[in-house]
Amino acid sequence: MIIALVQSRFLGYERYEQTTVPAQSERHGRAASEVDDATNPMLQAQVANTGIVVAVVVTYHPDAMLAERLRVLRAQVERLLVVDNGSREADRVLNVALACDCDVMMNQENLGIAAALNQGLQFARQHRAEWLATFDQDSTVPTGAIRDLLAGLQLWAQPMPARRD
């Protein structure tokens with residue numbers, strides 16, 4: 001499901017030429033949607049200071065369920081970038097992504113998953129993301145998954161209590 005959730009400052013990237021289409025929220029001057037609401041106040045407090053999360057979904061001839069998967073993921077992150085790797089139905093991918101309030105990069109040909117993920121990393125850096133979550137087109141992300149991952153990372157990063165022998 002999740003390929004990676006990494007702090008973007010630790011990764012390098014390469015530059016690629018692409019066409020970028022801003023998300024609907026950016027085109028209309030609205031603020032990007034908030035990270036998915038936490039039902040647990042403890043988790044909400046734990047992820048409050050984790051920084052901006054950007055997700056990237058790489059597509060290549062995606063199926064009809066793409067819109068549903070993008071909507072669920074979009075509700076959980078500050079920005080969601082869809083990188084299409086030269087799909088034959090590029091207009092459909094573009095329209096679905098924009099309808100889900102995603103940013104879009106349309107590659108003219110299939111550059112491969114690594115190149116597309118590097119484009120996502122570059123996008124995340126440009127938007128000052130602290131975290132980058134990467135997915136492929138058929139990843140189904142449960143509601144609250146990003147929040148739960150960040151909460152788990154924060155718990156893991158806390159110092160362990162001293163051993164008492």
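## The two cysteines

C100 sits out of reach of solvent: its relative accessibility is 6%, so it counts as buried. The cysteine sulfur nearest to that of C100 belongs to C102, 5.4 Å away, and C100 is in no disulfide. This is a predicted model, by the way. C102 is buried too, with a relative accessible area of 0%, and C102 likewise takes part in no disulfide.

Why does the pair not count as a disulfide? A disulfide needs the two cysteine sulfur atoms within 2.5 Å, and these two are 5.4 Å apart, so the pair doesn't qualify. Searching the whole structure doesn't turn one up anywhere else either: the tally is zero disulfides.

## The overall layout

Zooming out, the protein has six helices and six strands. Walk along the sequence and you get β-β-α-α-β-α-β-α-β-α-β-α. The chain runs to 165 residues, and 45% of them count as buried.

How much of the contact network links residues 24 or more positions apart? Taking the contacts with a separation of 6 or more, such pairs make up 80%. As for the outside, the accessible surface comes to about 9400 Å², and carbon and sulfur atoms own 52% of that.

## Helix α5

Helix α5 covers residues 113-126. Does its length fit or clash with what you'd expect for a helix? With 14 residues at 1.5 Å a residue, α5 should span 20 Å, and its end C-alpha atoms are indeed 20 Å apart, so the two agree.

This helix is mostly covered, with 10 of its 14 residues buried. The buried set takes in A115 and A116, then L117, N118, Q119 and G120, and finally L121, Q122, F123 and A124. And what does the covering? Strands feature in the answer, including β3 (53-59), β4 (79-85), β5 (103-107) and β6 (131-136).

## Just past the helix

Right after α5 comes R128, which takes a positive phi of about 55°. Next door in the numbering, A129 belongs to the loop between α5 and β6.

Is A129 buried or exposed, loop or not? The relative accessibility of A129 is 9%, so this residue counts as buried. A129 also gives a nice example of two sequence positions brought together in space: E78 is 51 residues away along the chain, yet the C-alpha atoms of A129 and E78 are separated by 8.7 Å.

Note on methods: Residues numbered from 1 in each chain as written. Predicted model: local features only at pLDDT ≥ 70, side-chain atom pairs only at ≥ 80, totals over all residues. Heavy atoms only, no water. Helix = DSSP H or I, 4+ residues; strand = E, 2+ residues; numbered from the N terminus. Expected span 1.5 Å × (residues − 1). Buried < 20%, exposed > 50% of the residue type's maximum accessible area, 1.4 Å probe, protein only. Contact = heavy atoms within 4.5 Å. Areas by Shrake-Rupley, 256 points an atom, 1.4 Å probe, with all protein chains shown as cover.
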